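Dear colleague,

I am passing on to you the structure that you will find just below, and I would be grateful if you could keep it open while you read the notes that come after it.

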Amino acid sequence: MNTYRVAIVGTGGIAAVHAANLARAEGRAHVVAACDVDDHRLQSFADEHGIPGRYTQLGELLAEARPDIVHLCTPPMLHIDQAIECLEAGAHVLSEKPPALSLADFDRLTTAQARGGAQFSCVFQHRFGDASAAARTLIGGADFGRPLVARCDTLWYRPDEYFDLPWRGTWKAEGGGPTMGHGIHQFDLLLHLLGPWEEVTALASRQARATSTEDVSAALVRFGNGAVATVINSLLSPRETSDIRIDCEFATVELSHLYGYSPDNWTITAAPGHEEPVSTAWNTQPLDRGSGHSAQFLAMYDALDAGLPLPAGAASARQTLEFAAAIYASAFTGQPVRRGDIVPGHPFYGGMDGEGLGTSVLAATARA
């Protein structure tokens with residue numbers, strides 16, 4: 001197993017999560033550098049985590065520290081340009097969500113990956129727990145049967161002061177509201193479990209928060225395998241929970257947690273007459289490791305060791321971003337959106353606001 005040279009770019013709150021999980025990465029990561037435009041914050045972070053290389057410019061970090069992997073922990077509007085800079089320098093990228101603010105920006109990664117010979121991956125850590133892997137294996141198989149009905153809820157609460165940071169709650173800096181910045185983790189897991197989506201019909205509104213984006217969205221989704229699902233993304237829910245439920249022919253799969261899960265957060269219920277095969281199928285799966293950044297880091301290192309594509313790589317991350325774009329496009333046009341509809345020339349290809357349409361619709365329908 002190789003040990004990889006890692007750099008962390010952006011030293012705010014989520015960077016501490018990355019640093020802590022890198023320290024538990026079984027000796028497979030050596031954090032050689034950190035970068036932040038705020039030198040005081042940079043020095044404090046690097047001192048706390050024992051990081052030798054300290055830079056206020058990403059270009060200098062790439063040239064001097066020469067990391068194998070760069071973790072992007074910066075605000076959303078910076079992700080795509082920084083990812084391209086790293087990829088063109090030959091460094092693999094693990095970016096926090098969202099991977100880009102638009103499909104147009106995201107599609108610039110194709111050239112950058114080819115030019116630098118490096119790969120892009122997005123932090124979608126819920127894919128990497130053991131129970132998620134087990135559910136993905138069993139859903140659609142003989143013991144659980146094909147998926148029929150599902151729901152995916154990200155019901156979180158963010159008070160007004162959460163949006164005091166100037167980049168939060170804006171189309172230009174965050175790319176959207178809870179659909180882009182919060183629910184994306186949970187519906188990414190839903191897509192990971194159910195496979196390609198086909199059509200979305202959605203609503204979005206600004207009910208209570210003083211933002212330019214939505215503070216709640218709701219979607220009805222049809223999947224390629226025929227399953228039908230609802231997806232709700234909210235920042236208005238005092239009792240916070242993150243939930244997925246998938247009803248298959250012979251079993252119901254449920255996950256209820258908040259920001260991360262253990263195997264105990266999953267519940268499997270068999271249909272009458274199917275108790276033994278469903279229980280046996282679930283309990284014979286590896287069910288030790290919960291979700292989290294470290295699980296994704298280790299999966300990334302395994303892929304690099306084996307010369308394989310990175311998990312949660314560009315292609316699958318794009319599918320999740322396209323799903324978010326489809327929710328916005330449907331909500332603001334009042335029309336269903338099919339996978340593949342949002343292409344160059346489509347108003348929602350260049351941004352989740354649809355060239356200002358989202359701002360206009362939300363302003364017209366916002367609650368006082």
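The notes below go through the helix packing, the pockets, the aromatic rings and the backbone.

Please bear in mind that this is a predicted model, in which local features need pLDDT of at least 70 and side-chain atom pairs count only at pLDDT 80 or more, while totals for chains, interfaces and linings use all residues. Residues are numbered from 1 along each chain as its sequence is written, and side-chain values use heavy atoms, with hydrogens and water left out.

To begin with the helices (DSSP runs of H or I with at least four residues, strands being runs of E with at least two, each numbered from the N terminus), α7 (residues 130-138) packs against α10 (residues 184-194) at an angle of about 40 degrees, their axes lying 8 Å apart. The axes are lines fitted to C-alpha atoms, for helices over the stretch in contact, and the angles run from 0 to 180 degrees between N-to-C directions. The two helices α7 and α10 are therefore oblique to each other, given that angles under 35 degrees count as roughly parallel, over 145 as roughly antiparallel, 65 to 115 as roughly perpendicular and the rest as oblique. On the α7 side the contact (heavy atoms within 4.5 Å) is made by Ser132, Ala135 and Arg136, and on the α10 side by Leu189, His192 and Leu193.

Turning to the pockets, the term refers to an open set of points, on a 1 Å grid over the protein atoms alone, where a 1.4 Å probe fits and protein lies on both sides within 12 Å along at least five of seven lines; lining residues have an atom within 4 Å of a point. The largest pocket has a volume (the space filled by probe spheres set on the points, which are joined across faces, edges and corners) of about 1,100 Å³. Its lining consists of 42 residues, of which Gly13, Ile14, Cys73, Thr74 and Trp167 lie nearest the centre of the pocket. Two or more residues of this lining come from each of the elements α1 (13-23), α3 (58-65) and α4 (79-88).

The second largest pocket holds about 190 Å³ of space, and its lining includes Arg136 and His192, both of which also take part in the contact of α7 with α10. The elements that give two or more residues to this second lining are α10 and α13 (314-333).

As for the aromatic rings, those of Phe, Tyr and Trp (its six-membered ring) pair if their centres lie within 6.5 Å, with planes under 30 degrees apart counted as stacked, over 60 as edge-to-face and the rest as tilted. By this rule there are twelve aromatic pairs. One of them, Tyr328 with Phe332, is stacked, at 6.0 Å centre to centre and 20 degrees between the planes. Tyr328 and Phe332 are separated by about one helical turn because they stand four residues apart in helix α13.

Finally, some points on the backbone: most residues other than glycine have a negative phi, and most peptide bonds are trans. Lys97 and Pro98, however, are joined by a cis peptide bond with omega of about -15 degrees, and Pro98 lies in the loop between β5 (92-95) and α5 (103-106). Glu26, in the loop between α1 and β2 (29-35), has a positive phi, near 60 degrees.

With best wishes
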